[in-house]
Amino acid sequence: MAIDESLRETFEEKQHLAAYVFDPLNEADGANRPTKRRKVSKKPSKPESQDSDAWLTFQPLIGGAEDERCVHLRQQLFEKSWSRVNERIQQILRKTNQSTLDEVTSFLQTTPDHVSRGKIPSAFIITGPNLASQGLLFEQLSEALELEVDAKVVRLRSGDASNLKAVLKRIIHDITARETDDENDLELATGKDGRKYLNYDLEALYAYLKSNPRRHIVIAFQDSEAFESGLLSDLISLFSSWLDRIPFALLFGVATSVELFQARLLKSTCQCLYGDQFDVEQSTSIIDRIFKTAIAHSTVPLRLGSSLVGNLLGRQRDQVSSIPVFVSSLKYAYMCHFYSNPLTVFLSNDIETEILQEEHIEAVRCLPSFRRFVESAIEEGEVDQARSLLDDDEELRTLLLGCLQDYRRWSLHLLRKLKVLTAGKFLSADFTELYLDAISHGIDSDRIDEFVQSIKRSQPTDSIAFLGRVLYYIQNGDPSLGLDPWVNESGESVPFMTTLLTDIKALQADCEEQGIVLRSKYSGQTKVLRTTVVAQKVQLSQDTATLTDEDKTYTDLIDKLVEHLREILRCDSAKDLQFNELWLFDSKTPYRDVFIPRPRGVVERALSRPHDYLNCSCCDTEEEHIVTSLPATAILYQLYLDTGSLINVADLWSAYYAIVGEENEGGLDERNALILFYRGMAEMKAMGFVKQSRKKADHIAKLAWKGL
């Protein structure tokens with residue numbers, strides 16, 4: 001037990017470090033090493049006692065002084081918050097390809113008998129350039145076809161198709177091994193009649209289907225254009241020859257077009273196929289829907305800042321990342337916020353007052369938004385309120401809870417105003433761009449001026465359509481954003497806009513009866529160019545055409561609409577709200593480090609300045625000097641930088657031993673130094689810095705230069 005306790009203490013000391021040095025000199029006593037136990041079960045064993053620390057993945061913050069209940073609460077908030085968001089995302093992903101799934105399923109259900117046509121039913125699915133999204137689509141296709149068409153589906157990628165034999169092995173194995181155990185697999189290899197089949201012989205699959213009949217054996221080529229054309233032609237010809245015994249059907253994921261894909265195949269191969277083309281929803285529209293339900297939704301527990309979300313969307317657009325990667329990025333942002341911010345416990349609706357600590361209250365008082373609030377209160381002369389917030393914890397807690405309620409109301413008002421801005425095509429920006437701009441800068445006067453100027457210049461038909469959409473949103477809400485109808489909260493907007501809409505429609509009908517065009521004075525059609533000749537010189541001037549009574553009335557209505565919109569559209573930014581640090585996350589640093597890694601730069605820095613990662617005094621050197629206390633690999637890397645393209649291993653060893661040998665203070669004997677030298681060279685080779693040279697047996701080749 002003493003050995004186990006010491007090992008546990010050693011592990012607990014190092015488990016939170018980014019890295020640590022393994023010193024073989026301190027592990028000389030092999031008798032203390034615990035006996036390796038044989039693994040008897042693949043299932044994870046349940047803990048004997050329900051120790052709370054065993055399931056705690058979040059770590060105490062506030063210098064380790066955070067109460068364990070608060071740590072549990074932060075972790076539970078993260079799990080619950082993300083589970084709700086992820087559930088809505090998965091619903092979108094399941095519904096995204098539903099039309100394509102129904103069309104492909106209907107196509108295979110209605111195909112005539114294989115033998116009568118003599119051709120293989122084939123579905124050409126145009127997935128677009130985003131190959132990363134094909135995995136989800138073909139996974140959904142596999143599930144739908146197996147349930148509704150009584151089919152067995154085998155998904156193939158170009159990386160699995162090195163040759164014809166390998167593809168046939170994969171097909172036969174996937175079809176026969178899903179519902180059979182080892183005993184039945186052996187039976188399949190020998191056959192019912194005692195015959196033995198090779199694992200790439202389609203006769204074995206035919207024998208299996210006699211006892212397990214299926215309507216279709218669907219072979220799905222996810223990235224069909226990446227397959228070798230000769231291999232693809234051979235497979236199709238082989239499937240065609242077995243079509244009278246095995247009911248093959250094919251799915252092709254095509255990124256370009258069916259014509260280009262057909263040009264890669266032999267004409268005789270194309271004659272073996274008949275099918276149809278199916279288009280899928282592109283990833284851009286899917287990302288827009290995920291954005292609304294996971295980022296801009298009214299009930300999201302965490303608001304992601306415009307800087308972070310813009311980075312996510314830019315990477316999605318430029319690098320054509322898959323949708324699961326985008327979802328993982330969102331989950332990582334949630335985890336970073338709840339993991340690193342101890343004040344997220346205030347986001348819980350049922351938080352117990354007794355678990356809050358003095359450190360939480362002091363941390364709230366250190367928030368930049370709280371400091372700005374206190375400073376503004378002092379400037380306005382409310383010194384007593386500022387003093388009570390600094391001295392009275394209960395007063396501060398009451399203010400905090402009230403500000404969280406204000407945040408929820410702000411979220412609803414922001415989304416409602418954005419729906420008004422996007423109700424017409426008066427702005428060039430889409431909803432995503434408007435939302436990100438509103439989060440960082442609010443809906444300011446510049447954005448409102450741009451919007452109302454477009455309304456002034458609009459035609460009556462556009463104004464009618466705009467008012468109709470705004471009234472529809474107010475009366476019906478928007479489920480994609482979690483907006484319920486807000487007729488009761490809209491004040492005078494609904495009766496005002498309803499009256500305005502009725503008046504504009506009446507004016508439009510009267511003008512159509514009279515055969516004239518209804519316009520406002522802001523319309524470009526009311527501007528006329530007048531030419532005047534004075535002293536043989538032509539002068540051009542702009543004048544306003546005469547407006548009819550209907551035009552003047554329409555102009556007055558538009559002016560009233562613009563005035564009303566100016567009153568209701570203004571909105572503050574997220575960072576202007578009090579205590580926004582609790583529910584707003586806009587840090588790009590952890591996201592960049594995880595999803596856009598720089599492995600070479602990190603490795604070079606770790607080897608050049610190991611103190612940055614080990615944080616130990618022995619490695620703290622100035623100007624990258626080589627000292628004996630540095631790790632062996634770091635010393636070898638410093639010597640490696642001064643070498644040419646070929647390195648003599650004996651010379652490298654001599655230089656290394658001159659640094660770490662017994663002649664130096666705290667040096668090593670030759671045996672231990674040689675052990676560390678071998679290990680360091682192996683690590684350098686594993687990291688791709690050196691390799692064995694073919695020119696000289698006692699030399700190694702340099703593969704990387706720092707900074708290049």
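Phe579 is found in the loop that runs between helix H23 (549-569) and strand E9 (584-585). In this predicted model, the residue has a positive phi of about 60 degrees, although it is not a glycine. Phe579 is also buried, because its relative accessible area is 0% and the cut-off for burial is under 20%. A second non-glycine residue with a positive phi is Asp150, where the angle is about 55 degrees. Asp150 likewise has its place in a loop, here between helix H5 (134-148) and strand E2 (151-156). Its surroundings can be described by accessibility: with a relative accessible area of 37%, Asp150 is partly exposed.

Stepping back to the whole chain, the protein has 29 helices and twelve strands. Of its 708 residues, 43% count as buried. Contacts in the protein reach well along the sequence: among those between residues at least 6 apart, 72% join residues at least 24 apart.

The buried nonpolar residues can be followed into their cores. The largest nonpolar core has 109 residues, and Tyr435 and Phe466 are those with the most contacts inside it. Helix H18 (residues 393-421) gives the most to this core, contributing twelve residues. Apart from the largest core lies another, of 37 residues, which includes Phe124, Leu205, Leu231 and Phe261. For Phe466, leaving out residues up to four places away in sequence, the partners touched are Val420, Ala423, Gly424, Phe426, Phe451, Ile455, Leu561 and Leu565.

Phe426 turns up again around Ser458. This serine has its place in the loop between helix H20 (445-456) and helix H21 (460-476). Is Ser458 buried or exposed? At 7% relative accessibility, Ser458 counts as buried, since the limit is under 20%. Once neighbours within four places in sequence are set aside, Ser458 is in contact with Phe426, Ser463 and Tyr554.

Helix H18 also takes part in a helix pair. Helix H15 (residues 358-365) packs with H18 at an angle of about 65 degrees, and the two axes are 11 Å apart. The crossing of H15 and H18 is left-handed. On the H15 side the contact is made by Ile361, Val364 and Arg365, and on the H18 side by Asp393, Leu396 and Arg397. Sorted by character, the residues of this contact divide into three nonpolar, no polar and three charged.

A last site of interest is Ser241, which lies in helix H9 (residues 229-241). What is the exposure of Ser241? With a relative accessible area of 40%, Ser241 is partly exposed, because this value falls between the 20% limit for buried and the 50% limit for exposed. A polar atom of the Ser241 side chain lies 2.6 Å from the backbone oxygen of Leu238. Ser241 and Lys119 are 122 residues apart in sequence, while their C-alpha atoms are 9.8 Å apart in space.

Definitions and conventions:
Residues are numbered from 1 along each chain as its sequence is written. This is a predicted model: local features need pLDDT of at least 70, side-chain atom pairs count only at pLDDT 80 or more; totals for chains, interfaces and linings use all residues. Side-chain values use heavy atoms; hydrogens and water are left out. Helices (H or I, at least four residues) and strands (E, at least two) are DSSP runs, numbered from the N terminus. Buried means under 20% relative accessible area, exposed over 50%, partly exposed in between (1.4 Å probe, protein chains only). A polar contact is a pair of N or O atoms within 3.5 Å; within protein, one must be able to donate a hydrogen and the other to accept it, and residues adjacent in sequence count only if both atoms are side-chain atoms. A nonpolar core is a set of buried Ala, Val, Leu, Ile, Met, Phe, Trp, Tyr and Cys residues joined through side-chain atoms within 4.5 Å. Contact means heavy atoms within 4.5 Å. Axes are lines fitted to C-alpha atoms, for helices over the stretch in contact, and angles run from 0 to 180 degrees between N-to-C directions. A crossing is left-handed if the near helix is turned anticlockwise from the far one by less than a right angle, and right-handed if clockwise. Ala, Val, Leu, Ile, Met, Phe, Trp, Tyr, Cys and Pro count as nonpolar, Asp, Glu, Lys and Arg as charged, and the others, Gly among them, as polar.
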